[in-house]
Amino acid sequence: MKKFKYTSYLLAALIIIAVSSCKKDSDVLSDPEPYNQGFTVLSHEEYDLNDVYDNLMLMNDVNGAYDYHDLVNELVNSAPENGIYLIAHDKVLYTSIDNEGNPIQLTGLFIYPLKLNGEVIDVPLISYNHGTELLKKYAPSGWIGAQWHPSQWGNFAEVLVANALAITRGWAIVMPDYQGMGGDVGENHPYCIRELLATSVADMLETGINTIKNHKHDYVNWDGNAFVYGYSEGGYVTMAATRELEKRNVALTGSVCMEGPYDLSGAMRKVMLKDTAFPVPYFLPYMLVGYHTVYPDVFDYDEMLKAEYRTNIPKYTNGFYSETVVDSIMPASQILMEVFTDAFVDSLSNTSSTAVKTLYNNNSYTWKPVTDIYLWHCENDDCVTFQNFVTAKGYFESQGVTNITYVDYPPVPKWASTVHVSAAPIAFLEGSIWIGEKLKSKK
């Protein structure tokens, strides 16, 4: 693990805190109020660098691997002088749409830096779009009020990264829970459904801008720069949200898409049809339940699933059971296609079928972006295959798109459960560096 300047930063933070009577104000607001057409704040907490390290210590520090300890330490070490802030967390509500396209109040987490002298900070706004999570309670807003111990902490690793970015870079960050996550307990999560997830992100980012622009907020003011940023499902959602925000004429400073399953009808369909084991079998039930929810006629359980899976897949893939439980209802071989009927295998094998066309319509790369994009993928990803990157890059190049930075990252050693999980800290760092460089170029 790299050496870091934690002691000096912690001392500075403690000196600042000592002169304040509000170091850590945690309360649930009895009468939530919106910020001038912005967020409705449900609860508020404040954190310092010491809190980030306390949470970090609940995660394993893996020798010889680039893990979250190395990521946080590097962010702290590279922070600008006088660049360590306090941060606030607001659990918020904002208006978006449900799985049927009707208005709904969705939850999310709003993280922003604070200065104790009352000075308002000019900030960019980053939508940090979280990766795959089966349990509703582990969506970003679930951070507030969660009980901390090592068995849970890994589920909030991305909130840790967001905290570190806000504290060391002074960025404001919104983290949407998405439909069917967080406070939206009555719906299934529309996993890899492009327009629904893109809308949830775009709505939160726009609401966030409305919350902090034109000096409406007590602590931060929007500086005009907006980014979207995500890994895994978050990478897919980030690309989809970029497309949606461009449709709305919302100018983005940049989009950071990392390790996303952009090519559902190609690369990920091949994963579903492979006759070898897949390291995270829960991916398939999660996707099938989402697609059945939104496209019940095309992804009908009776036609799609063998009899022995028709009850348990929807029963246990509802946001209240863990990955371990969902994995346990899948074939012992971990071969995904073994849950399918022969007829549905034939349907997925036929590129002209309605099922494959539906997957194609949810691919997130099939447009000509005008936003500057940072597209990052690890060559040996064992879950979201590198072919997703290859396909998206090939499409963008065929359309003459020149505003994309492609990062074909060399193989990463597996120190966590999968290579996909192991590569995340490196991706988060490199994506944040790119955002920092874009911000410097705007000054």
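Where is Y66 found? In this predicted model, Y66 is found in the loop that runs between helices α2 (49–56) and α3 (68–77).

**Surroundings of Y66**

Beyond its neighbours within four places in sequence, Y66 is in contact with L71, E74, W415, S422, P425, I426 and L429. One of these residues, E74, also has a polar contact of 2.9 Å between its side chain and that of Y66. K306, by comparison, is separated from Y66 by 240 residues in sequence and by 42 Å in space, C-alpha to C-alpha.

**H217 and its polar contacts**

H217 is located in the loop between α6 (194–212) and β7 (220–231). Is H217 buried or exposed? H217 counts as buried because its relative accessibility is 3%, and the cut-off for that class is under 20%. The side chain of H217 reaches two backbone nitrogen atoms, that of Y219 and that of V220, at the distances tabulated below together with the side-chain contact of Y66.

| Side chain | Partner | Distance |
|---|---|---|
| H217 | backbone nitrogen of Y219 | 3.0 Å |
| H217 | backbone nitrogen of V220 | 3.4 Å |
| Y66 | side chain of E74 | 2.9 Å |

**Aromatic rings**

A search of the whole structure finds 25 aromatic pairs. Among them is the pair formed by Y365 and Y395, with ring centres 5.4 Å apart. The planes of these two rings stand at 70°, so the pair is classed as edge-to-face, a class that requires an angle over 60 degrees. The pair links distant parts of the chain, since Y365 belongs to the loop between α14 (354–361) and β9 (373–378), whereas Y395 belongs to helix α15 (residues 387–398), 30 residues away. The two partners can also be described by their accessibility. Y365 is buried, with a relative accessible area of 6%, while Y395, at 23% relative accessibility, counts as partly exposed.

Ring pairs also join Y291, Y295, F299, F340 and F344 into a cluster. A further arrangement involves a lysine: K393 lies over the face of Y406, at 5.2 Å from the ring centre.

**Internal cavity**

How many cavities of 30 Å³ or more does the structure hold? The structure holds 1 cavity of that size, and the volume of the largest cavity is about 60 Å³. The residues that line the largest cavity are L134, K136, G180, M181, N188, H189, Y286, V289, G290, T317, N318 and G319.

Definitions and conventions. Residues are numbered from 1 along each chain as its sequence is written. This is a predicted model: local features need pLDDT of at least 70, side-chain atom pairs count only at pLDDT 80 or more; totals for chains, interfaces and linings use all residues. Side-chain values use heavy atoms; hydrogens and water are left out. Helices (H or I, at least four residues) and strands (E, at least two) are DSSP runs, numbered from the N terminus. Buried means under 20% relative accessible area, exposed over 50%, partly exposed in between (1.4 Å probe, protein chains only). A polar contact is a pair of N or O atoms within 3.5 Å; within protein, one must be able to donate a hydrogen and the other to accept it, and residues adjacent in sequence count only if both atoms are side-chain atoms. Rings of Phe, Tyr and Trp (its six-membered ring) pair if their centres lie within 6.5 Å; planes under 30 degrees apart count as stacked, over 60 as edge-to-face and the rest as tilted. A charge sits over a ring if NZ of Lys or CZ of Arg is within 6 Å of the ring centre and within 35 degrees of the ring normal. Contact means heavy atoms within 4.5 Å. On a 1 Å grid over the protein atoms alone, a cavity is a set of points where a 1.4 Å probe fits but cannot get out, and a pocket is an open set with protein on both sides within 12 Å along at least five of seven lines; lining residues have an atom within 4 Å of a point. Grid points are joined across faces, edges and corners, and a volume is the space filled by probe spheres set on the points.
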